[in-house]
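Colleague: I should like to go through this model with you point by point. Please give your reasoning before each result.

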Amino acid sequence: MGAAGSKLEKALGDQFPEAERYFGLENFGNTCYCNSVLQALYFCVPFREQLLDYFGTNKNIGDAEENLLTCLADLFTQISSQKKKTGVIAPKRFVQRLKKQNEIFRSYMHQDAHEFLNFLLNELVDILEKEAHAAKNNPETSSPPEKIANGLTNGLANGVQKEPLVTWVHKNFQGILTNETRCLRCETVTARDETFFDLSLDIEQNSSITSCLKNFSSTETLNAEDKFFCDKCCSLQEAQKRMKIKKPPCVLVIHLKRFKYIEQLGRYKKLSYRVVFPLELKLSNTVEDADIEYSLFAVVVHVGSGPNHGHYVSLVKSHNHWLFFDDENVEMIDESAVQTFFGSAQEYASNTDHGYILFYESLGASGKS
């Protein structure tokens with residue numbers, strides 16, 4: 001980092017806690033998709049703290065098998081325990097493990113940051129669930145299940161698992177959607193719940209996250225060939241369907257669907273649309289119709305004009321200041337700079353740096369920075 005590092009050190013000054021670290025991540029040939037997401041996750045404070053706690057609890061297990069969770073915990077521990085406040089770390093072990101685990105990430109091709117985030121969170125959950133079940137079945141284990149999974153939902157009842165295991169990954173990122181379908185003949189409402197780690201939103205030109213969320217929850221009429229089979233009427237009926245948020249997550253991850261398949265072109269095209277994402281977001285499309293308030297703390301930005309090439313960087317808010325992470329380089333930026341990543345108001349613009357994945361933390365969440 002050299003001169004840039006010392007410049008950042010000066011910029012950080014006394015405005016940040018002594019224990020906080022701001023380290024760039026080395027790029028191993030098109031691994032910016034990974035670096036940008038890792039920075040966003042590192043500055044998701046409750047997630048980071050639980051990961052560091054996991055590492056502290058499990059680091060002495062001699063025969064512990066290396067996996068993505070242990071590699072991520074090791075990387076975050078390395079960053080947080082550095083003597084200096086700034087610098088560069090090579091996430092080599094984590095990237096090697098990622099490539100070993102999933103062939104999609106083995107090539108040096110441009111990868112999708114959202115695909116990586118999805119894979120990582122689901123992989124962490126799988127590992128934590130396996131460890132918790134192994135610990136439960138083996139009382140000799142050095143770490144009890146609650147230490148590994150950070151609590152069970154309802155635990156066991158007569159030896160039968162009543163509900164799925166709830167890990168600290170779930171506690172941070174998981175929300176519940178409810179899909180309501182109302183038969184227009186008998187008015188019966190059928191509700192089906194599904195869990196999510198992030199919301200993928202369709203986008204339109206010159207819109208906002210609020211309007212994208214409204215469209216996501218808008219009412220759709222099912223008719224003609226799309227009629228709904230109503231169990232009460234025992235027949236296909238016209239119906240109205242809508243999606244609402246039943247349980248908002250502590251950390252709301254929003255993925256903007258900037259890559260769209262254009263049939264006439266026979267390929268994917270990047271939508272450079274201007275989509276305003278506010279620093280403070282009120283989530284109103286919930287089942288309770290109560291406004292849930294969130295604060296933006298990280299943005300993964302896609303730089304480039306198409307889906308198969310380009311670059312990823314991230315913007316991160318830490319202790320009321322914004323920082324820009326571009327692989328090895330880290331610099332402070334003004335809060336006003338965030339809006340330069342909303343997108344382009346024109347179809348063809350020279351600015352290709354667009355917000356792609358947004359990380360919002362509930363203002364009621366603990367550990368908020």
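Colleague: Which residue of β6 is the bridge partner of Gly 175?

Modeller: This is a predicted model, in which local features need pLDDT of at least 70 and side-chain atom pairs count only at pLDDT 80 or more, while totals for chains, interfaces and linings use all residues. Residues are numbered from 1 along each chain as its sequence is written, and side-chain values use heavy atoms, leaving out hydrogens and water. β5 and strand β6 (residues 189-196) pair in the antiparallel sense over eight bridges; strands (E, at least two residues) and helices (H or I, at least four) are DSSP runs numbered from the N terminus, and two strands pair if DSSP finds at least two bridges between them. In β6, the residue bridged to Gly 175 is Phe 196.

Colleague: Which residue takes a positive phi in the hairpin of β5 and β6?

Modeller: Five residues lie between the two strands of this hairpin. Among the residues there, the one with a positive phi, near 70°, is Glu 187.

Colleague: With which residue does the side chain of Glu 187 meet in a salt bridge?

Modeller: A salt bridge requires a side-chain nitrogen of Lys or Arg within 4 Å of a carboxyl oxygen of Asp or Glu. Glu 187 has a relative accessibility of 45% and counts as partly exposed, on a scale where buried means under 20% relative accessible area, exposed over 50% and partly exposed in between (1.4 Å probe, protein chains only). Its partner is likewise partly exposed, at 28%. The N to O distance is 2.5 Å, and the partner is Arg 182.

Colleague: Is strand β5 largely enclosed or not, and why?

Modeller: Strand β5 covers residues 175-183. Because seven of its nine residues are buried, the rest of the structure leaves β5 largely enclosed.

Colleague: Which residue of β12 stands opposite Glu 180?

Modeller: β5 also pairs with strand β12 (residues 239-247), again antiparallel, over eight bridges. One of the bridge pairs joins Thr 178 to Lys 244 in β12. Opposite Glu 180 stands Arg 242.

Colleague: What is the order of the strands in the open sheet of four strands?

Modeller: Pairing in this sheet is antiparallel. Its edge strands are β6 and β9 (220-222), each of which pairs on one side only. Neighbouring strands are turned by 30° against each other on average, direction ignored, with axes fitted as lines to C-alpha atoms (for helices over the stretch in contact) and angles running from 0 to 180 degrees between N-to-C directions. The order is β6-β5-β12-β9.

Colleague: Which residue in the turn of the hairpin of β14 and β15 has a positive phi?

Modeller: Strand β14 (residues 259-262) and strand β15 (residues 267-270) pair in the antiparallel sense over four bridges. Ile 262 stands opposite Arg 267 in β15. Four residues lie between the strands, and the one in the turn with a positive phi, about 70°, is Gly 266.

Colleague: How far apart are the closest N and O atoms of Glu 66 and Arg 97?

Modeller: Glu 66 lies in the loop between α3 (45-58) and α4 (68-80) and Arg 97 in helix α5 (residues 92-101), so their salt bridge ties together parts 31 residues apart in sequence. Glu 66 is partly exposed at 33% relative accessibility, whereas Arg 97 is buried at 13%. Both belong to a network of salt bridges that also includes Asp 74 and Arg 93. The closest N and O atoms of Glu 66 and Arg 97 are separated by 3.9 Å.

Colleague: Against which helices do the buried residues of α5 pack?

Modeller: The buried residues of α5 are Phe 94, Val 95, Arg 97, Leu 98 and Lys 99. Contact means heavy atoms within 4.5 Å. The packing partners are α2 (32-42), α4 and α6 (113-137).

Colleague: What kind of pair do the rings of Phe 94 and Phe 116 form?

Modeller: Rings of Phe, Tyr and Trp (its six-membered ring) pair if their centres lie within 6.5 Å; planes under 30 degrees apart count as stacked, over 60 as edge-to-face and the rest as tilted. There are 18 aromatic pairs in the structure. For Phe 94 and Phe 116, the centres are 6.3 Å apart and the planes at 85°, so the pair is edge-to-face.
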